[in-house]
2 protein chains.
Amino acid sequence: IIPAPFFPEYRVFAENAGARVVTVMCREPDFQLDIKAIESAVNEKTKAIIINSPNNPTGAVFSPDTIKALSDMLNDKQAEYGTDIYIIADEPYRELSYGAEVPYIPKYYANTAVCYSYSKSLSLPGERIGYIFIPESANNSKKLYAAVCGAGRALGFVCAPSLMQYTVAECTDALPDISTYKKNRDLLFGALTDYGYKAVPPDGAFYLFVKSPEPDANAFCERAKKYELLLVPSDDFGCTGYVRISYCVTTEQIEKSLPAFKALIEEYK
Amino acid sequence: IIPAPFFPEYRVFAENAGARVVTVMCREPDFQLDIKAIESAVNEKTKAIIINSPNNPTGAVFSPDTIKALSDMLNDKQAEYGTDIYIIADEPYRELSYGAEVPYIPKYYANTAVCYSYSKSLSLPGERIGYIFIPESANNSKKLYAAVCGAGRALGFVCAPSLMQYTVAECTDALPDISTYKKNRDLLFGALTDYGYKAVPPDGAFYLFVKSPEPDANAFCERAKKYELLLVPSDDFGCTGYVRISYCVTTEQIEKSLPAFKALIEEYK
């Protein structure tokens, strides 16, 4: 089960492993998890749910109450079906939260695998370094750990690049300069909503999820190109009618883009 | 089809992809490809043969005549069955040849995929950098290229580490100091055969493949541990009765190991 919108590679990875992907839309307009809708999608064949918080593409951070509700529901379902249902917590943006608490899933739910990447926290996206953590609380924790190692071996991930292993070992306490991301977020969100765009207020990550002013987000993205604005239509993330804007750029670049965003929405008035 | 002995991960990768592995023993004592035996193993379901030259674990370099004979046989079989049979040429040791010509497979055979790694040529084994080359001569070359890229995406190999991409781009003409490897090879092969070991004279790579003085190579490796000699039994490479010794170490380390090798073989006299 993958809550939508979602990072498109989840589908590729899951289907390549022979899994069937079931997507469940998040609630609008805040894009929090819809626990009731997820519950309806769970059945005796459900193996895992992928949770990505802070979220790409929406910037939503799932609250402790939401994670508690998800955990209670999954525990009930595990008991009902006598199965293991894993939470796969994909958390590359964990350190990029603008004040909202990012609940640590293994504290709430035993059958969890935490996937972490240093790509965002240390701005090292090309260096391919991260980890998977299997908590001892997980059922058959040692076997699950061995299965993750075995899958890595079969897929050819014998080990992560060694230079970067040494480098991040020296940087485990380093944190990104969140103030720059926050400044960019406030500037972009403030200006765009001021111009008349409808956007999800992002609590984390470095994306702004904006409602397309016309139903077809692809058409809107094409129109934006005239203004040299490169937006990603939400269709790629498993839902329609939105676009993703990355603000992982210089503040100056955002400042320079604002007149273009203003002119673009004027076309729809 | 995988000629044995072979790098054990070939089986893991192939079976993970849903392929059935058929192994064919190389000729003894020189461990060249046995073209007749490979021909007997080819049938209408054969998709590919993995050729690894210079070879791990034997150090054999397959000669131009051998590759020509293999290519002729495979071309005949392709015509007979109306199928594509690929040569997957795994060549991390290409630059580590002690004078023997390492034939470039796409010159001989159209349906080839060349897998290269800088792990050995630049002594960067932990840095995870290499490439796959699909020659234009291959049938449906563009589709095959797209399939390789798609497989990489589905397996999670989005790109190789970026720092090392920049680094090897500056080092494409660099070659390893083969003289040190050659010195180690001559010293180890000379001394061990002098003591009474039977070994395959290696033309490439940095391994010596030695016949176990007792039929059970695992038992021989256990006995060697008493002398602080760590040997790899050939069973791991898909054949019995041999051990692999790596000479990718300092010459001093080899010199210091020789009395231990001598004492070890004395136990069998």
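When two copies of a chain are laid over each other by least squares on their C-alpha atoms, the move can be split up: two copies of a chain are related by a rotation about an axis and a shift along it. Keep that axis in mind, as the tour starts there. One thing before you click: this is a predicted model.

**Stop 1: the axis**

Colour chain A and chain B separately. A rotation of 180° with 0.0 Å of shift along its axis puts chain A on top of chain B, with an RMSD of 0.0 Å. The two copies are therefore related as by a two-fold rotation axis. Which residue of chain A comes closest to the rotation axis? Select A:Leu155: its C-alpha is 3.1 Å from the axis, and no residue of chain A comes closer. Both copies use the same surface, too, since 100% of the contact residues of chain A turn up again in chain B.

**Stop 2: where the chains meet**

Now select the residues at the contact between the chains. Chain A brings 19 residues and chain B brings 19 residues. How much area do chain A and chain B bury between them? The answer is about 1800 Å², with 56% of it on carbon and sulfur atoms. Pick out A:Arg128, A:Arg153 and A:Ala154 next: this trio supplies 27% of what chain A buries against chain B, more than any other three residues.

Stay with A:Arg153 and add B:Glu9 to your selection. These two form a salt bridge, with their closest N and O atoms 2.6 Å apart. It is one of two salt bridges across the interface of chain A and chain B. If you also want polar contacts, there are eight residue pairs of that kind between the two chains, both residues being at pLDDT 80 or more.

Switch to cartoon view to see which elements do the touching. On the side of chain A, helix 1 (9–16), helix 5 (141–155) and helix 6 (162–169) each give two or more residues. Helix 1 of chain A gives the largest share, four residues. Colour that side of chain A by class and you get eleven nonpolar, four polar and four charged residues.

**Stop 3: around helix 1 of chain A**

Zoom in on helix 1 of chain A and show the side chains of A:Glu15 and A:Arg11. They meet in a salt bridge, 3.3 Å from N to O. Both residues lie in this helix, four residues apart, about one turn of the helix. For the wider view, a search of the whole structure finds 27 salt bridges over all chains.

Then step back to A:Pro5, in the loop between strand 1 (2–4) and helix 1 of chain A. Look at the peptide bond from A:Ala4 to A:Pro5: is it cis or trans? This one is cis, with omega near 0°.

**Stop 4: two domains in one chain**

Hide chain B for a moment. Chain A is divided into domain 1 (2–169) and domain 2 (178–266), and their C-alpha centres lie 26 Å apart. Domain 1 of chain A puts 24 residues into the contact between them, and domain 2 of chain A puts in 20 residues.

The two domains bury about 1800 Å² between them, 64% of it on carbon and sulfur atoms. Select A:Pro57, A:Leu96 and A:Tyr98 here: they supply 37% of the area that domain 1 of chain A buries against domain 2 of chain A, more than any other three residues. How many salt bridges cross this interface between the domains of chain A? The rule finds zero. It does find ten residue pairs in polar contact between the domains, both at pLDDT 80 or more. By class, the domain 1 side has 14 nonpolar, six polar and four charged residues.

**Stop 5: two backbone oddities**

Bring chain B back and go to B:Pro57, in the loop between strand 3 (48–52) and helix 3 (64–81) of chain B. The peptide bond from B:Asn56 to B:Pro57 is cis, with omega near 20°.

Finish at A:Glu228, which sits in the loop between helix 8 (217–225) and strand 9 (232–233) of chain A. Check its backbone angles: phi is positive, about 60°, although A:Glu228 is not a glycine.

Definitions and conventions: Residues are numbered from 1 along each chain as its sequence is written. Chains are lettered from A and ligands numbered from 1 in the order in which they are written. This is a predicted model: local features need pLDDT of at least 70, side-chain atom pairs count only at pLDDT 80 or more; totals for chains, interfaces and linings use all residues. Side-chain values use heavy atoms; hydrogens and water are left out. Contact means heavy atoms within 4.5 Å. Buried area is the accessible area (1.4 Å probe) that two parts lose on being put together, summed over both. A salt bridge is a side-chain nitrogen of Lys or Arg within 4 Å of a carboxyl oxygen of Asp or Glu. A polar contact is a pair of N or O atoms within 3.5 Å; within protein, one must be able to donate a hydrogen and the other to accept it, and residues adjacent in sequence count only if both atoms are side-chain atoms. Ala, Val, Leu, Ile, Met, Phe, Trp, Tyr, Cys and Pro count as nonpolar, Asp, Glu, Lys and Arg as charged, and the others, Gly among them, as polar. Domain bounds come from an automatic or database domain assignment. Copies are superposed by least squares on the C-alpha atoms of residues with pLDDT of at least 70 in both.
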